[in-house]
Amino acid sequence: MKLLRRTLVAAAAAATLTMSFAALAQDIKPRLIRFGYGLNEQSNQGRASKVFADAVEKASGGKMKIRVVGASALGSDVQMQQALMGGAQEMMVGSTATLVGITKEMALWDTPFLISNAKEADILLDGPIGEKIKSKLEEKGLVGLVYWENGFRNLTNSKRPVTKMEDLDGVKLRVMQNNIYLDSFKMLGANAVPMAFSELFSALETNTVDGQENPYNTILSSKFYEVQKYLTVTNHVYSPWIMMVSKKYWDQLSKDEQKVLMDAARISRDYERKDTRDEASRAIADLRAKGMQVNELGVGEASRMRNKLTRVYAQIGANVGMDLWIQTQNELMRIRGQK
Ligand code: TK8
């Protein structure tokens, strides 16, 4: 009996020792988190990524370190998603549109002309609808933290001013790797081709494609004005970004560490949306100053386009499911009724 007790005490002591060694090792070696994104450092995406990294470092007292890698240096959105699912990379921020092949409900955010202002975007993204869609990522090995604003997308090209639908005829247009975008722009008459963002600048420069569509912020930060003459204010879709963690990695973290990442993600989201909106409000003037020729769509053209896209709306409804689709329409009616 005595012997047994002594053995147990010794075993317990050994266990405590091992545990404190592990704790010590963790204290010394910060958890290094690779965080990838597609745009360059001097962009809204780059600035907010830095805010996130600083917030994590501060809240963890330096125990968790974010290594921020921009300009698609860790891969395109699609490649990074795969790396997160496989556990080869810890974190990223990128377009929700490129996630549709993984989580079909993400197609809600591809709906043309769905969201018409920042208030609607914030309520849909941060409320139950955004949460529901985000939670679908988990079964695919991804943990969605928060949505950032990419923004309202506008059209640029090097051929001609686009004022009506027919002006898109024959324009070779890069779209994201997403079927809704591909089908939509084909239906509108463009010669749409899917391509990773990382290849876009040189494709525009070499005239492999004539045009593309992205928010003002990106047209500025990626210097598309150097290779695109015409900008059409279409606001054809509000496009979010989403911050994600590899589920394999997330599950290894303690509750406290998960909270550090989530809190910092929220801080970066609030910063990012404000920064993006400030920049977007000045952007048309900036892009004109850089030499772009800016025009609006002709009267009634947006609704002509919407009518042309009936099949796309049906396709999105099928992707996201009727419940979610109706819930979204109801939510928008509620928000619009408040005004
Ligand atoms: C950046 C992309 C970009 C998106 C696109 O990696 O591909 O056009 O708008 O922001 O996610």
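1. A71 is found in the loop between β2 (64-69) and α3 (77-86). Its phi is near 55°, a positive value in a residue other than glycine. The model is a predicted one, and this backbone angle should be read as a feature of that prediction.

2. A second residue can be listed alongside A71. F113 is not a glycine, yet it has a positive phi of about 55°. F113 belongs to the loop that runs between β3 (91-95) and α4 (118-126).

3. On cavities, a search of the whole structure gives two of 30 Å³ or more. The largest has a volume of about 220 Å³, and the second largest holds about 150 Å³ of space.

4. Where does the ligand sit? The ligand is placed in the largest cavity. That cavity has a lining of 21 residues, and those nearest its centre are D77, S95, R174, M176 and F197. Sorted by class, the lining of the largest cavity comprises six nonpolar, twelve polar and three charged residues.

5. Around the ligand itself, the surrounding residues are G38, L39, D77, S95, N150, R153, R174, M176, F197, N214 and W241. This shell divides into four nonpolar, four polar and three charged residues. D77, S95, R174, M176 and F197, named above as nearest the centre of the largest cavity, are also among the residues that surround the ligand.

6. Oxygen atoms of the ligand pair with N or O atoms of three residues in the shell, as follows. For R174, an N or O atom of the side chain is 2.8 Å from a ligand oxygen. For R153, the side chain again supplies the N or O atom, and the distance to a ligand oxygen is 3.0 Å. With S95 the protein partner is a backbone N or O atom, which lies 3.5 Å from an oxygen atom of the ligand. Taken alone, the ligand exposes 310 Å², and the protein buries 98% of that area.

7. The second largest cavity, with about 150 Å³ of space, has its own set of lining residues. Of the 17 that line it, P112, S184, F185, L188 and H236 are the closest to its centre. Which helix gives the most to this lining? Helix α6 (residues 179-187) does, with four residues. By class, the lining of the second largest cavity has 13 nonpolar, three polar and one charged residues.

8. For checking against the structure, the residues to display first are R153 and R174, whose side chains each place an N or O atom by a ligand oxygen, and S95, which does so through its backbone. A71 and F113 can then be inspected for their positive phi values.

Terms used. Residues numbered from 1 in each chain as written. Predicted model: local features only at pLDDT ≥ 70, side-chain atom pairs only at ≥ 80, totals over all residues. Heavy atoms only, no water. Near = heavy atom within 4 Å. Polar contact = N/O pair within 3.5 Å; in protein donor to acceptor, adjacent residues only side chain to side chain. Areas by Shrake-Rupley, 256 points an atom, 1.4 Å probe, with all protein chains shown as cover. 1 Å grid on protein atoms, 1.4 Å probe; cavity = no way out; pocket = protein on both sides within 12 Å on 5 of 7 lines; lining within 4 Å. Sits in = over half its atoms within 2 Å of the grid points. Nonpolar A, V, L, I, M, F, W, Y, C, P; charged D, E, K, R; others polar. Points joined across faces, edges and corners; volume = space filled by probe spheres on them. Helix = DSSP H or I, 4+ residues; strand = E, 2+ residues; numbered from the N terminus.
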